[in-house]
Amino acid sequence: MTAPDRIELRDLRVTCVIGALAHERTAPQPLSIDIDLYADLSRAGATDDLGLTIDYGAVCDGIVALCDEAQPQLLERLAELIAEELCGIDGVTAATVAVTKLRPPVAVDLGTSGVRITRRPA
């Protein structure tokens with residue numbers, strides 16, 4: 001059995017009001033988002049037709065807009081919202097979303113914190 005096809009989007013940088021602590025709610029924080037979109041890419045590969053694949057520029061624009069609007073407390077919630085939007089794209093059979101907080105608000109030397117989820121269309 002062959003591995004499923006996927007489009008990989010790495011290190012989409014956004015700023016977003018996110019966090020459960022009071023000081024996190026006052027200013028946007030930098031996040032990095034990684035996306036894997038699972039879909040059958042064979043027709044696009046065989047024909048070189050952009051219309052037969054997923055427009056990842058539009059995907060990125062949608063994620064940026066969602067991050068601007070959502071303002072969730074938890075990384076888990078933001079990942080769910082992104083995955084929900086991605087699973088609504090025609091042809092997507094699954095989506096993996098990783099959301100990484102680049103400056104986690106902890107008192108120890110922690111480089112990043114993040115979550116990764118995989119969801120399928122309902």
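Which residues form a nonpolar patch on the surface? In this predicted model, the patch is made up of V106, V108 and L110, and together they offer about 260 Å² of accessible area. V106 sits in the loop that links β3 (94-101) with β4 (113-119). Its relative accessibility comes out at 42%, so V106 counts as partly exposed, given that this class lies between the 20% and 50% cut-offs.

Stepping back to the whole chain, there are three helices and four strands. Read from the N terminus, the order is β-β-α-α-α-β-β. The C-alpha trace covers about 50 × 30 × 25 Å along its principal axes. Of the 122 residues, 39% count as buried. The chain exposes about 7,400 Å², and carbon and sulfur atoms supply 51% of that area. As for contacts with a separation of 6 or more, 62% of them join residues 24 or more positions apart.

Helix α3 gives a handy look at the inside. This helix takes in residues 75-87, and its 13 residues should span 18 Å at 1.5 Å a residue; the end C-alpha atoms are indeed 18 Å apart, so the two values agree. Its buried residues are L75, L78, A79, L81, I82, A83, L86 and C87. An α-helix has 3.6 residues a turn, so residues three or four places apart point the same way. What do the buried residues of α3 pack against? Their partners are β1 (6-16), β2 (29-38), α2 (56-70), β3 and β4. Strands β3 and β4 thus turn up twice here: they flank the loop that holds V106, and they also pack against the buried residues of α3.

Note on methods
Residues are numbered from 1 along each chain as its sequence is written. This is a predicted model: local features need pLDDT of at least 70, side-chain atom pairs count only at pLDDT 80 or more; totals for chains, interfaces and linings use all residues. Side-chain values use heavy atoms; hydrogens and water are left out. Patches are made of residues with over 30% relative accessible area and no salt bridge: like charges are joined within 9 Å, nonpolar side chains (Val, Leu, Ile, Met, Phe, Trp, Tyr) within 5 Å. Accessible areas come from the Shrake-Rupley method with a 1.4 Å probe; for residues, only the protein chains shown count as cover. A salt bridge is a side-chain nitrogen of Lys or Arg within 4 Å of a carboxyl oxygen of Asp or Glu. Helices (H or I, at least four residues) and strands (E, at least two) are DSSP runs, numbered from the N terminus. Buried means under 20% relative accessible area, exposed over 50%, partly exposed in between (1.4 Å probe, protein chains only). The expected span of a helix is 1.5 Å times one less than its number of residues. Contact means heavy atoms within 4.5 Å.
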